[in-house]
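Subject: Handing over a structure

Hello,

Here is the structure I said I would pass on. My notes follow below it.

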Amino acid sequence: MNALAWLLPGLPVVSGGLLALAGHRADRAAPMTAVAVAAATLALAVLAAITRPESSTTLFAGLRAGPAVDGLSAVMVVTVSATALAVLVFAAGQIREDRGRFSGLMLLFTGAMLATVTATDLALLLMAWEVMGAMSYALIGFRWRDDHRVRSAGIAFVTTRAGDMGLYLAAGCALASAWSLDMAGLAVSARPWRDLIAAGIVAAALGKSAQLPFSFWLSRAMAGPSPVSALLHSATMVAAGAYLLLRVQPLLAATGWAAPLVAWAGALTALLLGAVAVAQRDLKQLLAASTCAQVGFMVLAAGVSAAAGGTAHLVAHAAVKSLLFLCAGAWLTALGTKDLTELHGAARRHRLVGITFAIGALALAGLPPLSLWVTKGSILSVVAERSPPLYLVSFAAALLAAAYAARAVFAVWRPMDAGTRDGSEQPGTHRVDLLERLPLPVLALVAAASGVVGAPAVFDAWRRLLGAPSEPGPGGGELLLSGALAIVVVLAVRDRALPAPRVLGEWLYLERAAVAVVWRPLTALARSLARFDDRVVDGAVRSVPRAGMAAARLARRWGEAGADGAVRAVASGVAGLAALARRPQTGQVHTYFAQAVVGLVLLAVVIALVR
């Protein structure tokens with residue numbers, strides 16, 4: 001069964017790669033092919049969750065890498081595969097252009113996420129993490145002829161990549177510490193490597209999960225098609241950072257500082273991005289901000305060691321948020337708008353979409369007995385034991401969830417009025433395709449019923465599955481208080497346009513701050529370095545051949561005449577001696593005899609003188 005560990009992510013990756021390469025040639029068959037592959041992947045995920053396969057191979061220098069399915073990853077592979085299947089069924093009815101490329105990219109993204117949640121080491125995690133980031137860029141900018149969408153995809157990609165550098169830092173420090181990339185052993189690394197590893201992982205996780213200060217990239221991700229938003233915001237990319245933090249809880253606790261930092265980052269994101277969600281008029285932007293806020297509860301759970309509650313919240317949120325984004329996408333296609341004031345009456349015109357949206361939104365609000373009421377309660381019960389200030393912030397964030405969810409659900413169920421209109425973003429089809437409607441009841445059922453995990457017997461089994469036997473379950477008093485106050489907030493808010501400062505409507509100006517504090521200084525520094533390179537470094541390089549040429553010219557001017565003169569003098573002397581040597585060569589015999597006599601006389605004189 002070890003091959004199953006590789007087959008699980010491999011099937012969607014290979015199938016997606018073939019569809020993406022086929023492009024337009026696969027447009028007709030791609031949607032149903034992708035659905036069939038997703039269904040087969042879900043079957044493999046269920047089998048893997050039961051059999052728990054694991055595998056390992058040698059990378060280099062004795063380092064081992066490979067996937068494995070344990071309790072936490074068993075939950076994740078089923079959640080990711082089920083969500084991908086629901087989204088691909090919806091997309092088969094909505095996406096009309098470039099179906100081969102779209103289906104291929106979605107399957108590649110799903111395979112990368114499955115590899116991420118089954119990775120047992122930083123090497124495989126990094127590979128999957130990178131593919132997931134690249135596919136998110138391609139999917140957000142899927143309609144690449146639109147400059148705005150391409151720019152949004154670039155901003156989302158660069159922002160997440162900035163955080164992703166932390167994983168490289170973590171991997172390098174893990175090698176320096178113990179020459180091992182195994183995530184299970186990170187908590188016992190020596191200092192200061194352990195702190196550096198934790199810092200790198202926290203940065204990467206907060207960036208990928210759109211937590212403060214990286215949250216603005218999720219607003220930009222709304223430029224992608226609705227099925228992309230549903231997949232990214234539910235159980236895959238945005239949840240990947242929270243999953244990673246839940247996976248490395250022992251490391252966070254071992255540092256002494258990382259766990260509190262992560263807990264406060266999650267709580268503050270849940271509070272501030274909840275306020276941002278309340279201020280939004282665009283339904284998709286409201287859901288995007290709410291995603292940041294709800295993932296903040298998962299990050300908070302990782303910081304306070306509430307693995308069971310955090311994972312339960314992740315699973316329930318996956319169903320809720322994929323449902324809400326698919327409903328928003330259905331209305332966008334049918335009515336051509338995502339403005340809340342223009343969606344008045346949308347739920348009445350498309351009843352199934354409206355009813356399922358209401359179930360998802362009320363679950364998001366934390367109303368009893370729906371799922372997020374229970375899962376948030378289990379997290380808050382742990383937080384209350386750890387830190388009262390942290391609990392107050394988290395509880396306020398939970399009440400804000402009721403406010404923004406109420407705005408959304410009452411807006412779409414309100415009767416049509418003068419503000420209702422079609423065609424504000426694109427021409428509406430005025431209908432919702434059967435394939436678009438098909439996954440909505442199933443997701444609504446999961447969104448409503450997954451709160452059963454809070455039942456004592458179920459929660460005990462859930463804790464054992466995730467290896468958190470000592471974690472307390474949701475407290476009755478906590479559930480009663482949060483549920484009652486959520487109902488009060490929902491009834492008080494309804495669909496009123498709540499007064500909100502512009503800073504909330506503009507996502508806390510996070511993107512502007514990033515541009516001013518990071519992007520502009522970096523680009524200015526890059527320009528300065530480019531000028532330094534062109535004028536100083538390149539100037540120095542170019543000066544070397546110029547100096548060589550000048551030396552050559554000088555040598556030619558002063559040295560060539562003397563050297564050539566000496567050569568010519570030698571040649572002239574040799575020529576003169578040759579001319580002298582030719583004179584006696586007359587061809588006359590008596591001359592040769594005379595020369596011989598002279599030579600003998602000279603020889604005799606020399607002998608006489610020497611003796």
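**Cavities**

The structure holds three cavities of 30 Å³ or more. Please keep in mind that this is a predicted model.

Start with the largest cavity. About 90 Å³ of space lies in it. Its lining has 13 residues, and those nearest its centre are Ala-365, Gly-366, Lys-376, Ala-398 and Ser-482. Three helices each give two or more residues to this lining: H17, H18 (388-413) and H22 (476-493). H17 gives the most, with five residues. By class, the lining of the largest cavity has eight nonpolar, three polar and two charged residues.

The second largest cavity holds about 60 Å³ of space. Its lining residues are Pro-31, Ala-34, Val-35, Leu-88, Ala-91, Ala-92, Ile-95, Arg-99, Phe-102 and Ser-103. Helices H2 (30-51), H3 (71-94) and H4 (99-118) each supply at least two residues of that lining. Eight of the lining residues are nonpolar, one is polar and one is charged.

**A pocket**

Next, the second largest pocket. Its volume is about 530 Å³. There are 17 residues in its lining, and Val-158, Thr-159, Phe-216, Ala-514 and Trp-519 lie nearest its centre. Two helices give two or more residues to this lining: H6 (147-178) and H24 (510-582). The largest share, nine residues, comes from H24. The lining of this pocket divides into 14 nonpolar, one polar and two charged residues.

**Helix packing**

I looked at three helix pairs.

H17 spans residues 371-386, and H13 spans residues 283-303. Their axes come within 10 Å and cross at roughly 40°. H13 and H17 are therefore oblique to each other. The crossing of H13 past H17 is left-handed. On the H13 side, the contact uses Gln-294, Phe-297, Leu-300 and Ala-301. On the H17 side, it uses Leu-372, Lys-376, Ile-379 and Val-383. This contact has six nonpolar residues, one polar and one charged. Lys-376 turns up twice: it meets H13 here, and it is among the residues nearest the centre of the largest cavity.

H18 also appears twice. Besides lining the largest cavity, H18 packs with H12 (residues 258-278). The axes of H12 and H18 come within 8 Å and cross at roughly 30°. That makes H12 roughly parallel to H18. H12 passes H18 in a left-handed crossing. From H12, the contact takes in Ala-263, Trp-264, Ala-267, Leu-268, Ala-270, Leu-271, Gly-274, Ala-275, Ala-277 and Val-278. From H18, the partners are Pro-389, Leu-390, Val-393, Ser-394, Ala-396, Ala-397, Leu-400, Ala-403, Tyr-404 and Arg-407. The residues of this contact include 17 nonpolar, two polar and one charged.

The third pair is H3 and H9 (residues 226-233). They pack at an angle of about 175°, with axes 9 Å apart. That makes H3 roughly antiparallel to H9. H3 brings Thr-83, Ala-84, Val-87, Phe-90, Ala-91 and Gln-94 to the contact. H9 brings Ser-226, Pro-227, Ala-230 and Leu-231. Seven of these residues are nonpolar, three are polar and none is charged. Ala-91 meets H9, and Ala-91 also lines the second largest cavity.

**Backbone details**

Which peptide bonds are cis? One runs from Arg-191 to Pro-192, with omega near 5°. Pro-192 sits in the loop between H6 and H7 (193-208). H6 is also one of the helices that line the second largest pocket.

Another cis peptide bond joins Pro-368 and Pro-369, and its omega is about 0°. Pro-369 is in the loop between H16 (351-365) and H17. So much for the prolines.

Last, look at Asp-98. Its phi is near 50°, a positive value in a residue other than glycine. Asp-98 lies in the loop between H3 and H4. H3 and H4 both help to line the second largest cavity.

**Where to look**

For a quick tour, go to H17 to begin with. It lines the largest cavity and lies oblique to H13. Then go to H3, which lines the second largest cavity and packs with H9. Finish at H24 and the second largest pocket.

Best wishes

Methods:
Residues numbered from 1 in each chain as written. Predicted model: local features only at pLDDT ≥ 70, side-chain atom pairs only at ≥ 80, totals over all residues. Heavy atoms only, no water. Axes fitted to C-alpha atoms, helices over the stretch in contact; angles between N-to-C directions. Helix = DSSP H or I, 4+ residues; strand = E, 2+ residues; numbered from the N terminus. Parallel < 35°, antiparallel > 145°, perpendicular 65-115°, else oblique. Left-handed = near helix turned anticlockwise from the far one by under 90°. Contact = heavy atoms within 4.5 Å. Nonpolar A, V, L, I, M, F, W, Y, C, P; charged D, E, K, R; others polar. 1 Å grid on protein atoms, 1.4 Å probe; cavity = no way out; pocket = protein on both sides within 12 Å on 5 of 7 lines; lining within 4 Å. Points joined across faces, edges and corners; volume = space filled by probe spheres on them.
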